[in-house]
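Could you walk me through this model in the viewer, stop by stop? I would like to know what to select next and what I will find there.

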Amino acid sequence: MLTKRLFLPLVLLLLLALVPSATAATTFGDPFTGTPADFGTDFVLVQVRNPDASEFAGSPASGVITSVTVKVGGPASSVQALFLRPTTPLGATISLQKTAANVTIPVTADAGTHLETVNTRVSAQPGDRIGLSVPAGTMAFTSYSPVPGSPSNFCGYISGLDSQVVGDTAVFTTSACNENMPAVRATIEPDADLDGYGDETQDLCPSDAARQSACLVAPPLAPPNLVISAVKSSAKPRSSATRRFTVTNIGGRIAAPVKIKVVSSKKVKRIKFVKSLLSLAPGASVGFKVKVTPKTATSTRLTVSVSTPGESATADNSASARVKFKLTK
Ligand SMILES: [Ca+2]
Ligand SMILES: [Ca+2]
Ligand SMILES: [Ca+2]
């Protein structure tokens, strides 16, 4: 059984998971079940109910509206698609904010009706919807009654020309809209990188907000290839000796620290790294020192090898230097 302490965070997680964002292209709006006719004079319509009279939820997800389709007929004309976001709940009125510039949809003459589609690129949120503005004298067939004689109001309505600019909010009357439904719907695609381009037809690189063309393919990484050499030294014998080595990466990128291993005579008493070697860019060299203190010998051969994961060419990964000591009593 879930305790309250576990239950509340779980509910929050579930609520976050419910914030919808399109995962594939989807269509919302009028299902085009009827035949539009001339609605009358100039007006703006927006859908507020489904044909079954349930409340229309608008776009089911966030993303980019990539096309708008209208079912139209009548004389040759054009209508305007509006991109609208509710700012109040549905009631006798509904307030809708314009989120983008209108898109013009040309209507070819048709005694019957047909579909007209225009491509768009408009970012949208869940609940957004498409309005239709039909200019005065257009006489286009743009709306119909999904349920003739229904007491439900299927649309929001404002009379006259659309004079709103982007960002404006207009009050649509739903009670004066009667049973008319604007014959418009839209396709929304996911926009995972939020670059404002639909990820299925407009954005060839949905993982990069800076690109809409195909993603760059990273060239395969060359493996690293280390070589090491001992730096010659003419230092006089001392009680301890420090010898320099130089390691160069003549291959590709090193993804892990370079390991340094000192192989030397058992006569060596103490080996001390003066510098550690964590990474090495392709083509770069770095020197490091190994300090040797003898036990009893007056000379020994000091061998140092380097290695890093991913390297196979290891024949040149070790170098030797003879070191001479002056023993102290
Ligand atoms: Ca995108
Ligand atoms: Ca992109
Ligand atoms: Ca090598």
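Start by selecting Ile65, Val79, Leu132 and Cys155. In this predicted model, these four residues touch the most other members of the largest nonpolar core, which has 44 residues. Nonpolar side chains tend to be buried together in soluble globular proteins.

Now keep Leu132 and show what surrounds it. Leaving out residues up to four places away in sequence, Leu132 touches Val44, Leu45, Val70, Val79, Ala81, Thr142, Pro182 and Val184. Next, switch the selection to Ile254, Val304, Val306 and Phe325. They are among the 16 residues of a second, separate core.

**The whole chain**

Zoom out and turn on the cartoon. You should see 1 helix and 20 strands. Of the 329 residues in the chain, 34% are buried. Look also at how the chain comes together: among contacts with a separation of 6 or more, 74% link residues 24 or more positions apart.

Colour by confidence while you are here. The mean pLDDT of the chain is 85, and 86% of the residues reach 70 or more. Where is confidence lowest, and where is it highest? The low end is helix α1 (residues 4-18), with a mean of 45, while the high end is β13, at 97. Select residues 6-17 and you have a stretch where pLDDT stays under 50. For residues 6-17, the model has 2 contacts beyond four places in sequence. Where pLDDT is low, the predicted coordinates should not be read in detail.

**Strands β5, β6 and β8**

Select β5 (residues 77-86) and β6 (residues 93-107). The two strands pair in the antiparallel sense over 9 bridges, and they form a hairpin with 6 residues between them. To find one of the bridges, pick Ser78 in the viewer and look across to its partner in β6, Pro106.

Then add β8 (residues 129-134). β5 and β8 run antiparallel and are joined by 5 bridges. Here the pair to pick is Gln80 and its bridge partner Ser133 in β8.

**Strands β2, β9 and β12**

Move on to β9 (residues 141-144). β9 pairs with β2 in the antiparallel sense over 2 bridges, and Asp38 stands opposite Phe141 of β9. β9 is also joined by 2 bridges to β12 (residues 181-182), again in an antiparallel arrangement. Label Ser143 to see this second pairing: its bridge partner in β12 is Pro182. You have met Pro182 already, as one of the residues that Leu132 touches.

**A stop at Phe32**

Go to the loop between β1 (26-29) and β2 (37-38), where you will find Phe32. What is the phi of Phe32 near? Phi is near 60°, a positive value in a residue other than glycine. Phe32 counts as partly exposed because 18 other C-beta atoms lie within 10 Å.

**The loop between β13 and β14**

For the last part of the tour, select the loop between β13 (184-189) and β14 (226-230), and centre on Leu194. Leu194 is another residue other than glycine with a positive phi, this one near 55°. Is Leu194 buried or exposed? With 12 other C-beta atoms within 10 Å, Leu194 is exposed.

Stay in this loop and pick Asp199. Asp199 has 24 other C-beta atoms within 10 Å, so this residue is buried. Which residues is Asp199 in contact with, leaving aside its neighbours within four places in sequence? Show Glu189, Pro190, Asp191, Ala192 and Pro206 to see them. Then draw a distance from Asp199 to Gln212: the C-alpha atoms are 8.8 Å apart in space, and the two residues are 13 apart in sequence.

Finish with Cys205, also located between β13 and β14. Cys205 has 17 C-beta neighbours inside 10 Å and therefore counts as partly exposed. Beyond its neighbours within four places in sequence, Cys205 is in contact with Arg211, Gln212, Ser213, Ala214 and Cys215. One last distance to draw runs from Cys205 to Asp193, 12 residues apart in sequence and 8.7 Å apart from C-alpha to C-alpha.

Technical notes:
Residues are numbered from 1 along each chain as its sequence is written. Chains are lettered from A and ligands numbered from 1 in the order in which they are written. This is a predicted model: local features need pLDDT of at least 70, side-chain atom pairs count only at pLDDT 80 or more; totals for chains, interfaces and linings use all residues. A nonpolar core is a set of buried Ala, Val, Leu, Ile, Met, Phe, Trp, Tyr and Cys residues joined through C-beta atoms within 7 Å. A residue is buried if 20 or more other C-beta atoms lie within 10 Å of its own, exposed if 12 or fewer, and partly exposed in between; C-beta atoms are placed from the backbone. Two residues are in contact if their C-beta atoms, placed from the backbone, lie within 7 Å. Helices (H or I, at least four residues) and strands (E, at least two) are DSSP runs, numbered from the N terminus. Two strands pair if DSSP finds at least two bridges between them. pLDDT is the predictor's confidence in each residue, from 0 to 100.
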